[in-house]
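Grab a coffee and open the viewer. Here are a few short exercises, each with a worked solution.

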Amino acid sequence: MKKIYNCIYFIGGILLVLGAALYITKWVWAPYMYIVGSFMFGAMQMLDRYRGTNFILRRLRRQQLLGAVVLMLAGVLMLVCKHNEWILCLLVGCLLQLYTAFRIPQEYEKEKKK
């Protein structure tokens, strides 16, 4: 099951990036590709739960989930807004994802050492 989740997570990430990149070319299906990718990516992050008691890891997981929701919101803004407002949501979501991608493994290592 873990293998399937990783595959969906990976495909969602690729669709996310391709949808955002192809939006520049004004391809009609690019926002839909982005939305499908963001929902696949976000759903897999939401299924991966942390059941421990470490406050820092719980906070980082909430930030990661917030980043996933903001990435989904960016896809909706691609369809609804006529200008480039979605780029701000994309930037915020990417920054949250990038920050948590580095901090969560560090905290897991600290927790293992205790």
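Contact here means heavy atoms within 4.5 Å. Keep in mind that this is a predicted model.

**Exercise 1.** Find Q45 and work out whether Q45 is buried or exposed, and which residues Q45 is in contact with.

*Solution.*
- Start with the location: Q45 sits in helix α2, which covers residues 30-47.
- Next, the cover: the relative accessible area of Q45 is 3%. Buried means under 20%, so Q45 counts as buried.
- Now the partners: once you skip neighbours within four places in sequence, Q45 is in contact with Y9, R61, Q64, L65, A68 and Q97.

**Exercise 2.** Do the same for R103: which helix holds R103, and why does R103 count as buried?

*Solution.*
- R103 belongs to helix α4, residues 86-113.
- The relative accessible area of R103 is 18%. The cut-off for buried is under 20%, so R103 makes it into the buried class.
- With neighbours within four places in sequence left out, the contacts of R103 are I56, R59 and L60.

**Exercise 3.** Track down the nonpolar patch on the surface and say which residues form it and which helix gives the most to it.

*Solution.*
- Select W27, V28, W29, Y32, L73, V76, L79 and V80: these form the patch, and together they have about 790 Å² of accessible area.
- Helix α3, residues 55-80, gives the most, with four residues.
- Take L73 as a sample member of the patch. L73 lies in helix α3, and its relative accessibility is 42%. Partly exposed runs between the 20% and 50% cut-offs, so that is the class L73 falls in.

**Exercise 4.** Step back and describe the whole chain: how many helices and strands does the chain have, and what share of the residues is buried?

*Solution.*
- Count the elements: four helices and zero strands, giving the pattern α-α-α-α along the sequence.
- Box it in: along the principal axes, the C-alpha atoms fill roughly 50 × 30 × 15 Å.
- Check burial: 38% of the 114 residues count as buried.
- Look at contacts with a separation of 6 or more: residues 24 or more positions apart account for 62% of them.
- Turn to the surface: the chain exposes about 7700 Å², with carbon and sulfur atoms supplying 72% of that area.
- Finish with charge: the chain has 15 positive and 5 negative charges, and their mean positions are 3 Å apart.

How values were computed. Residues are numbered from 1 along each chain as its sequence is written. This is a predicted model: local features need pLDDT of at least 70, side-chain atom pairs count only at pLDDT 80 or more; totals for chains, interfaces and linings use all residues. Side-chain values use heavy atoms; hydrogens and water are left out. Helices (H or I, at least four residues) and strands (E, at least two) are DSSP runs, numbered from the N terminus. Buried means under 20% relative accessible area, exposed over 50%, partly exposed in between (1.4 Å probe, protein chains only). Patches are made of residues with over 30% relative accessible area and no salt bridge: like charges are joined within 9 Å, nonpolar side chains (Val, Leu, Ile, Met, Phe, Trp, Tyr) within 5 Å. Accessible areas come from the Shrake-Rupley method with a 1.4 Å probe; for residues, only the protein chains shown count as cover. A salt bridge is a side-chain nitrogen of Lys or Arg within 4 Å of a carboxyl oxygen of Asp or Glu. Lys and Arg count as positive and Asp and Glu as negative; His and the chain ends are not counted. The place of a charge is taken as NZ of Lys, CZ of Arg, CG of Asp or CD of Glu.
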